[in-house]
Structures are given as C-alpha cells and as structure tokens.
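Reader: I am new to this structure and would be grateful for a guided introduction. May I put a series of questions to you?

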Amino acid sequence: MTTPLLLFVTLDGVNHPLASCRWVRYDPNGCATGSAPGTTAVDADTAATHFTSTRRDRAREHRRGVRYRLVALEEWREHVKPCLLGECTHQNAA
Ligand SMILES: [Zn+2]
C-alpha cells in the first residue's frame, strides 16, 4: 500500500502544501525572473541549481544580489506572475 506524500511548508505563519508553492529567482532590484515548482528543491541553494548550473556562477549571482525564495501560490499570482509577463514596474527603474 502506498500513501501519497504530501509535504507542507510554513510561510509567514501559514501552512501551504509544498506542491502548490514555487521557487522564485529574484534579481537584485526585486524583479522575479524565473520560477520552478516547490517540489523541485529542498532549499534555496538547491533551487538555484535549477537556474544557474555552475557553482561559480551561482556564487557570482549571489554576490550581485540574486536571491531565491519559496513563495505561496497567492503571492506568486500577485507579485511574481506580472514580472514573468513583463507587466511589472521593476524594470522601469533601470
Ligand atoms: Zn518585476
């Protein structure tokens, strides 16, 4: 007998199924430039490997201010999706 594995994560005090969360890559200006399903990584360092393959490049990006964060689906829809669609205001500041 197999039981489906359902993991929960706590973000800002609220429990979310990990499968509904997304790892998001943020540029130094706070603009989201990519996302991956929450189940693809156990922490931000692992998530980074999905976007930037070499350790040296990841270290350089980190120094530059690139960050990875796990976000709930609601936040993704509200704050990340506009960035990925090019509809956010982050790029205007550049
Ligand atoms: Zn943006």
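The questions and answers below go from the overall fold to individual residues.

Reader: What pattern does the chain follow when it is read along the sequence?

Author: The model is a predicted one. The chain has three helices and five strands. Taken in sequence order, these elements give the pattern β-β-β-β-α-α-β-α.

Reader: In what order do the three strands of the open sheet lie?

Author: Strand E3, residues 22-26, pairs with E5 over five bridges in the antiparallel sense. E3 is also joined to E4 by five bridges, again antiparallel. The order in the open sheet is therefore E4-E3-E5.

Reader: Which strands stand at the edges of this sheet?

Author: Each edge strand has a single partner strand, so one side of it is left without a neighbour in the sheet. From one strand to the next, the twist averages 25°. The strands at the edges are E4 (32-37) and E5 (67-71).

Reader: Which residue in E5 is the bridge partner of Tyr-26?

Author: Tyr-26 stands opposite Ala-32 in E4. On the E5 side, Trp-23 stands opposite Leu-70. The bridge partner of Tyr-26 in E5 is Arg-67.

Reader: How many of the five residues of E3 are buried?

Author: A residue is buried if 20 or more other C-beta atoms lie within 10 Å of its own. In the chain, buried residues make up 16% of the 94 residues. E3 is largely enclosed by the rest of the structure, because the number of its five residues that are buried is four.

Reader: At about what angle to E4 does helix H3 run?

Author: Helix H1, residues 44-51, lies across E3, E4 and E5 and runs at about 110° to E5. Helix H3, residues 73-84, packs on the sheet as well and touches E3, E4 and E5. The direction of H3 makes an angle with that of E4 of about 125°.

Reader: Which elements give two or more residues to the largest nonpolar core?

Author: In soluble globular proteins, nonpolar side chains tend to be buried together. The largest nonpolar core here has 10 residues, among them Trp-23, Val-24, Ala-47, Ala-48, Tyr-68, Val-71, Val-80 and Cys-83. The elements that supply two or more residues to this core are E3, H1, E5 and H3.

Reader: With which residues is Val-24 in contact, leaving aside its neighbours within four places in sequence?

Author: Val-24 belongs to the largest nonpolar core, which also includes Ala-32, Tyr-68, Val-71 and Val-80. Once neighbours within four places in sequence are left aside, the contacts of Val-24 are Ala-32, Ser-35, Tyr-68, Arg-69, Val-71 and Val-80.

Reader: Which residue in E2 is the bridge partner of Phe-8?

Author: E1 and E2 run antiparallel and are joined by four bridges. The hairpin that they form has two residues between the strands. Within this pairing, the partner of Phe-8 in E2 is Pro-17.

Reader: Is Asp-12 buried or exposed?

Author: Asp-12 lies in the loop between strand E1 (8-11) and strand E2 (14-17). Asp-12 has a positive phi of about 55° although it is not a glycine. Most residues other than glycine have a negative phi. Because Asp-12 has 8 other C-beta atoms within 10 Å, it is exposed.

Reader: Which residue takes a positive phi near 90° in the hairpin of E3 and E4?

Author: The strands E3 and E4 pair in the antiparallel sense. Their hairpin has five residues between the strands. The residue with a positive phi near 90° in this hairpin is Gly-30.

Terms used:
Residues numbered from 1 in each chain as written. Predicted model: local features only at pLDDT ≥ 70, side-chain atom pairs only at ≥ 80, totals over all residues. Pairing = 2+ DSSP bridges. Axes fitted to C-alpha atoms, helices over the stretch in contact; angles between N-to-C directions. Contact = placed C-beta atoms within 7 Å. Buried ≥ 20, exposed ≤ 12 C-beta atoms within 10 Å, placed from the backbone. Core = buried A, V, L, I, M, F, W, Y, C linked by C-beta atoms within 7 Å.
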